[in-house]
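Colleague: I am new to this model and would like a close look at a single part of it. Could you take me through the charged side chains there, one after another?

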Amino acid sequence: MEKHDYFDTENYTGNHLHVDNWKDELNPFIEAIAWERTDGTMDLFFNDFADEKEFKALFGGKEHQYDEFMGVFICNVKSNEEAYQQFRKWVDEVLNVYRNKGDD
């Protein structure tokens, strides 16, 4: 049996869920994708960075968690509800903090 890396495409079914941070029309719409793994869990990925600087600031040194097609791995979840919950938490606590810091 061949050993497959965690992010190897053979570990995914192809099914996926688009998740977003929508709260109301005043918030910018941000989206991620949760890709279903063969074990039934989902890996949550984000690939909508404003620019290379934002990517480096948030994930510099963690390039091993990046897939060119899927984006950056945020976390593994067990349900659709958890995917939404974890993504919204990540947007609020990581992405928005970076984008709203005002240091350009």
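Modeller: What follows is a walk along helix H2 and then helix H1, with the charged residues as guides.

This is a predicted model, so local features are given where pLDDT is at least 70 and side-chain atom pairs count only at pLDDT 80 or more, while totals for chains, interfaces and linings use all residues. Residues are numbered from 1 along each chain as its sequence is written, and side-chain values use heavy atoms, with hydrogens and water left out.

Helix H2 covers residues 80-99, and Glu81 belongs to it; helices (H or I, at least four residues) and strands (E, at least two) are DSSP runs, numbered from the N terminus. Glu81 counts as exposed because its relative accessibility is 59%, where exposed means over 50% relative accessible area, buried under 20% and partly exposed in between, using a 1.4 Å probe and protein chains only. Although Glu81 and Val19 are 62 residues apart in sequence, their C-alpha atoms are 9.6 Å apart in space.

The whole structure holds five salt bridges, a salt bridge being a side-chain nitrogen of Lys or Arg within 4 Å of a carboxyl oxygen of Asp or Glu. One of them joins Arg88 and Asp20, with 3.5 Å from N to O. That pair links distant parts of the chain, since Arg88 is in helix H2 and Asp20 in strand E1 (residues 12-20), 68 residues apart. Arg88 is partly exposed at 29% relative accessibility, whereas Asp20, at 16%, counts as buried.

Another salt bridge is formed by the side chains of Asp92 and Lys23, at 3.1 Å from N to O. Asp92 lies in helix H2 and Lys23 in the loop between E1 and strand E2 (31-37), so this pair ties together parts that are 69 residues apart in sequence. Asp92 is partly exposed at 35% relative accessibility, and Lys23 is partly exposed with 43%.

In helix H1 (residues 52-59), Glu52 and Lys56 sit four residues apart, about one turn of the helix, and they form a salt bridge whose closest N and O atoms are 3.9 Å apart. Lys56 is partly exposed, at 45% relative accessible area.

Glu54 also lies in helix H1, but is buried, with a relative accessible area of 2%. Leaving aside residues up to four places away in sequence, Glu54 touches Asp48, Phe49, Leu95, Tyr98 and Arg99, contact meaning heavy atoms within 4.5 Å.
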